[in-house]
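Hi everyone, thanks for making time. I'd like to walk you through one protein chain today, so have the picture up while I talk.

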Amino acid sequence: MSNLILKLEHSNIFQQSLEDCKIQKILSSISPSTFIKLLKEADNKVNPRIATVNKITKSIHETLETSPELFWFKSKGILLSTETCELLDRNRVRLTFANTDYEGIMDGGHNTFAIAIFIIEKLFDKKIKSWDDCKDFWSDHYEEIVEKFEENKDKFHFTIPVEILTPNSENGSIEEFYDYISEICSARNNNVQLKETAKGNQVGYYDFLKEKLDLKYDIIWKTGDNGVIKSEDVISLSTLGLIFLKERDKLPSDIKTLNKISIYSQKGKCVDFFNDVMSNSEVSKEDKGKFVLTSKNVMSVLNMTDDILHFFDRLFIEFPNLYHRAAPGKFGRISSVDNKKKGKAPFGTTKNSCDYQYSFGFFYPIICGLTGLMEYDDNKDEVYWKINPKNLDLNRLDLSQYVELIKIVNFDPQKIGKGIVFYNEAESIFQKLNN
């Protein structure tokens, strides 16, 4: 267990909830030297965002540089959550940060990051641009940071507001802390219009997907995190199976359905739909403020997401060739197609590239047509592939009618991606494979 003793510059008195909530808090402040100790132990994994260098951090730097005496007034400081907070003498507290899902820096990540890189720049004349690099530097050079700070502490004249949330001593307080801390964390971060994906990630909606996909794909689940693939792109495609279930009344009746066109044109609606499914008590159980998926049929369709991503990459690379085979004409001559650039597989499942760079709108209806390859097993309450698209011979797809429709809309990828007639035709293409 990670134990840390912090010296508070103001009071270390607990404030209790007037509404009988079993969580209490301390409102106080810390010095830069105490901040150095705090950052060695505390991380921001509980925070739904990851801080980066931006206008906010630059503004904080300006205050620390030009008017540090005002920082305590201008900043909300740092919000900490800890399962254990023991009051000690001389305004000190002992905290734990062992469970990073619930303990650590809940809010004030930009303040923490800005102060840390300000200290690093002043002591080492080194610029840091990411949170991970900052934490690595802090860990690797901690003793040196402490030593250099003691030699130059006159350069740091500011106080940092700090708020500490922790369970009180009543029975059931630990359980209540776990139940509420994620909700509190999301609410505290709402002042920056936290994306729905970041909120969903915070409460565990995507944990099942992450467990299945994270070893294969570089997905950005957390605002400000490093990665290549946007989580909403993955989540929207994963709703295909959920739509299949909903159309067959295999999801709770109070969940509103989603139009397949949204998977192409309204990814935010897909995220909302996914979150609605995952938050339903018939689909998930809530445990310590996190939603844990329990529905077998939902698990089965989310397990198909990897196959869908593989098929997406294959289709992006091969669609121009399928187009050529379906009808006379050169795909590269379409005005919206860039025939001078090669396109990379968007989900990175293959190193092969496409001869063209072009809009995904040309083939999104075909991706959504994959529901035509899905089958529901009543006995097992699971969905399975009649033919797994990951291994499907693409030459079996008859796109002749689909390409004729493309010509009718004058090769406009937006009209293709948003046209219901293309989605109907795409599903029929896959249904023919089963005959």
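I'll start with the chain as a whole, then go to the surface, and finish with a few residues inside.

One thing up front: this is a predicted model. Okay, the overall picture. There are 435 residues in the chain, and 52% of them are buried. Lay the C-alpha trace along its principal axes and you get spans of about 80 × 50 × 30 Å. In terms of secondary structure, we're looking at 18 helices and 15 strands.

How do the contacts run along the sequence? If you take contacts between residues at least 6 apart in sequence, 70% of them join residues at least 24 apart.

Now the outside. The chain's accessible surface comes to about 20600 Å², and carbon and sulfur atoms account for 45% of that. On charge, I count 65 negative side chains and 58 positive ones, with the centres of those two sets 6 Å apart.

So where do charges gather on the surface? Have a look at Glu175, Asp179, Glu183, Glu286 and Asp287, which together form a negative surface patch. Two elements each give two or more residues to that patch, namely α7, residues 173-188, and β10, residues 284-287. Helix α7 has the largest share, with three residues. Asp287 sits in strand β10. Is Asp287 buried, exposed or something in between? Its relative accessible area is 40%, so we call Asp287 partly exposed.

There's also a nonpolar patch. Leu70, Trp72 and Phe73 make a nonpolar surface patch of about 320 Å². If you want to find Phe73, go to helix α3, residues 71-74. Phe73 has a relative accessible area of 61%, so that one counts as exposed.

Right, let's go inside. I picked three residues here.

The first stop is Asn275, in helix α12, which covers residues 267-279. Buried or exposed, what would you guess for Asn275? Relative accessibility is 7%, so Asn275 counts as buried. Which residues does Asn275 touch, once you set aside those up to four places away in sequence? The answer is Glu196, Gly200, Tyr205 and Tyr206.

Next is Leu258. You'll find Leu258 in the loop between α10, residues 231-247, and α11, residues 261-265. It's a loop residue, and at 6% relative accessibility Leu258 counts as buried. What is Leu258 in contact with, leaving aside neighbours within four places in sequence? There we have Thr239 and Ile243, plus Lys269, Cys270 and Phe273. To get a sense of distance across the model, pair Leu258 with Leu38: they are 220 residues apart along the chain, and their C-alpha atoms are separated by 46 Å.

Last one, Ser295. This is another loop residue, between β11 at 290-293 and α13 at 296-302. Ser295 has a relative accessible area of 10%, which puts it under the 20% cut-off, so Ser295 is buried. Not counting residues up to four places away in sequence, Ser295 touches Glu282 and Val283.

To recap the inside: Asn275 is buried in a helix, while Leu258 and Ser295 are buried in loops. And on the outside, keep the negative patch and the nonpolar patch in mind when you turn the model around. That's me done, happy to take questions.

Definitions and conventions:
Residues are numbered from 1 along each chain as its sequence is written. Side-chain values use heavy atoms; hydrogens and water are left out. Patches are made of residues with over 30% relative accessible area and no salt bridge: like charges are joined within 9 Å, nonpolar side chains (Val, Leu, Ile, Met, Phe, Trp, Tyr) within 5 Å. Accessible areas come from the Shrake-Rupley method with a 1.4 Å probe; for residues, only the protein chains shown count as cover. A salt bridge is a side-chain nitrogen of Lys or Arg within 4 Å of a carboxyl oxygen of Asp or Glu. Lys and Arg count as positive and Asp and Glu as negative; His and the chain ends are not counted. The place of a charge is taken as NZ of Lys, CZ of Arg, CG of Asp or CD of Glu. Helices (H or I, at least four residues) and strands (E, at least two) are DSSP runs, numbered from the N terminus. Buried means under 20% relative accessible area, exposed over 50%, partly exposed in between (1.4 Å probe, protein chains only). Contact means heavy atoms within 4.5 Å.
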